[in-house]
Amino acid sequence: MEGFSQAKEAARDNITLIGMPASGKSTVGIILAKVLAYDFVDTDLLIQRSEKRSLASIISEEGVDRFIEIENRIGTELTCTRTVIATGGSAVYGREAMEHYRSIGVVVYLKVSYETIEQRLHNIHSRGVVLREGQTLRDLYEERTRLYEKYANIIIEEQGGVEDEIVAIVRELSM
């Protein structure tokens, strides 16, 4: 399978984690970086540092579309090697950033059920989740799932815990 071989080769450079908010990207990313002896970057923190305010503030003050532009720019400008990158859940709205992530490594989608996301996300607005007016969490989940699957080189379905996800990612990359 040629595409998978290319993904494995790219993983030697970077591993980018995508998925819904509360899917475990940051938690899994930190542990995966330790296991692989890679660096770790959380793009939400890069956005906050660049804009000097919280994600929720950016969204409330400038709107969803402007936030997505900022997130896309930050993702596109990211340069690193041997790094695990945890993206914000809305990173998949930025085509240029997603193409960049694929060009600098492998993109892994941490797929978590809607019910699990609903249980984990308590205050969606203070967390800085990109949600358009009138859009429900279910709408968001269904819309983004298609995008995550489109951009992912590898899809890891949550089996029960962070350790299981780490093992699954490492197993997929070492095949």
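Among contacts (heavy atoms within 4.5 Å) between residues at least 6 apart in sequence, 75% join residues at least 24 apart. The model is predicted, and local features need pLDDT of at least 70, side-chain atom pairs count only at pLDDT 80 or more, and totals for chains, interfaces and linings use all residues. Residues are numbered from 1 along each chain as its sequence is written, and side-chain values use heavy atoms, with hydrogens and water left out.

The protein has 9 helices and 5 strands, assigned as DSSP runs (helices H or I, at least four residues; strands E, at least two) and numbered from the N terminus. From that terminus the order is α-β-α-β-α-α-α-β-α-β-α-α-β-α. Of the 175 residues, 50% count as buried (under 20% relative accessible area, 1.4 Å probe, protein chains only).

The largest nonpolar core (buried Ala, Val, Leu, Ile, Met, Phe, Trp, Tyr and Cys residues joined through side-chain atoms within 4.5 Å) has 25 residues. The most contacts inside this core belong to I18, M20, M98, Y101, I117 and L137. At least two core residues come from each of helix 6 (95-104), strand 4 (106-111), helix 7 (114-120) and helix 8 (137-151); helix 8 gives the most, with 5 residues. Beyond four places in sequence, the residues touched by I18 include K25, T87, M98, V107, L110 and Y148. A second, separate core of 16 residues includes I15, L32, L110 and I154.

E51 lies in helix 3 (residues 43-51). E51 counts as buried because its relative accessibility is 19%. Leaving out residues up to four places away in sequence, E51 touches I58, I70 and R73.
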